[in-house]
Amino acid sequence: DADVVVNLTGGFTEQREKAQARLSEAVRYEETARGGKRLRMIVVSPTDEALPLLSPVAQAAKRERLLRCEEVAVSGGSEVECLRFCLVV
């Protein structure tokens, strides 16, 4: 049994949002199956400054997609931490 779920979903397409929604639903299901024992979910995404280094096109759309993924995770009811990483070049 996991006590922490870390979401390192890659890519910045619509699939990222779908994966986050599925993961959030799976965490809620697991919490119910455990009799309400809470799981902590950690969502990891790049900072706005690091995003162009990873994927240089369509920055505004990708930033919005990352924010929506974080909103889906937080609205899931689990204990959620949204972490942003930066790149040092």
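## Strand β2 and the residue R40

At 31% relative accessibility, R40 falls in the partly exposed class, and in this predicted model its side chain takes part in a salt bridge with E79, where the closest N and O atoms are 2.9 Å apart. The two residues come from distant parts of the chain, since E79 belongs to strand β3 and R40 to strand β2, with their positions 39 residues apart in sequence. E79 is likewise partly exposed, with a relative accessibility of 35%.

The strand that carries R40 is mostly covered, six of the seven residues of β2 being buried. In general, side chains of opposite charge can pair when their charged atoms come close.

## The sheet

Strands β1, β2 and β3 make up an open sheet, in the order β1-β2-β3, and their pairing is parallel. Because β1 (4–7) and β3 (79–85) stand at the edges and each has a single partner strand, one side of each is left without a neighbour in the sheet. On average, and with direction ignored, neighbouring strands of this sheet are turned by 20° against each other.

Between β1 and β2 (residues 40–46) the pairing runs over four bridges in the parallel sense. Within this pairing, V5 is placed opposite M41 of β2, and N7 is placed opposite V43 of β2. As a rule, side chains in a regular strand alternate between the two faces of the sheet.

## Helices across the strands

Helix α1, which covers residues 14–33, lies across β1 and β2 and runs at about 165° to β2. Helix α3, which covers residues 59–75, lies across β2 and β3 and runs at about 160° to β3. Strand β2 therefore has a part in both arrangements, because α1 lies across β1 and β2 and α3 lies across β2 and β3, while β1 and β3 are the edge strands.

One residue of α1 gives a closer view of how these elements meet: S24 lies in helix α1 and, at 2% relative accessibility, counts as buried. Leaving aside residues up to four places away in sequence, S24 touches M41, V72 and A73. Of these contacts, M41 is the β2 residue that stands opposite V5.

## A network of salt bridges

Across the whole structure, a search finds 11 salt bridges, and among the residues involved, D3, E30, R34 and K37 are linked in a network. Within it, D3 pairs with K37, the closest N and O atoms being 3.1 Å apart. As D3 lies in the segment before β1 and K37 in the loop between α1 and β2, the pair ties together parts that are 34 residues apart in sequence. Both partners are partly exposed, D3 with a relative accessible area of 45% and K37 with one of 43%.

The same network includes E30 and R34, whose side chains meet in a salt bridge with an N to O distance of 3.3 Å. Here the two partners fall into separate classes of accessibility, for R34, at 18%, counts as buried, whereas E30, at 29%, counts as partly exposed.

## The loop before α3 and the nonpolar patch

Which residue has a positive phi although it is not a glycine? This is A58, with a phi of about 55°, and its place is in the loop between α2 (51–54) and α3. A58 is partly exposed, its relative accessible area being 49%.

On the surface, L53, L54, F85 and L87 form a nonpolar patch that has about 330 Å² of accessible area together. One of these residues, L53, is found in helix α2 and counts as exposed, with a relative accessibility of 52%. This can be set beside strand β2, where six of the seven residues are buried, and beside S24 of helix α1, which is buried at 2% relative accessibility.

How values were computed: Residues numbered from 1 in each chain as written. Predicted model: local features only at pLDDT ≥ 70, side-chain atom pairs only at ≥ 80, totals over all residues. Heavy atoms only, no water. Pairing = 2+ DSSP bridges. Axes fitted to C-alpha atoms, helices over the stretch in contact; angles between N-to-C directions. Contact = heavy atoms within 4.5 Å. Buried < 20%, exposed > 50% of the residue type's maximum accessible area, 1.4 Å probe, protein only. Patch = residues over 30% accessible without salt bridge, like charges linked within 9 Å, V, L, I, M, F, W, Y side chains within 5 Å. Areas by Shrake-Rupley, 256 points an atom, 1.4 Å probe, with all protein chains shown as cover. Salt bridge = Lys/Arg side-chain N within 4 Å of Asp/Glu carboxyl O.
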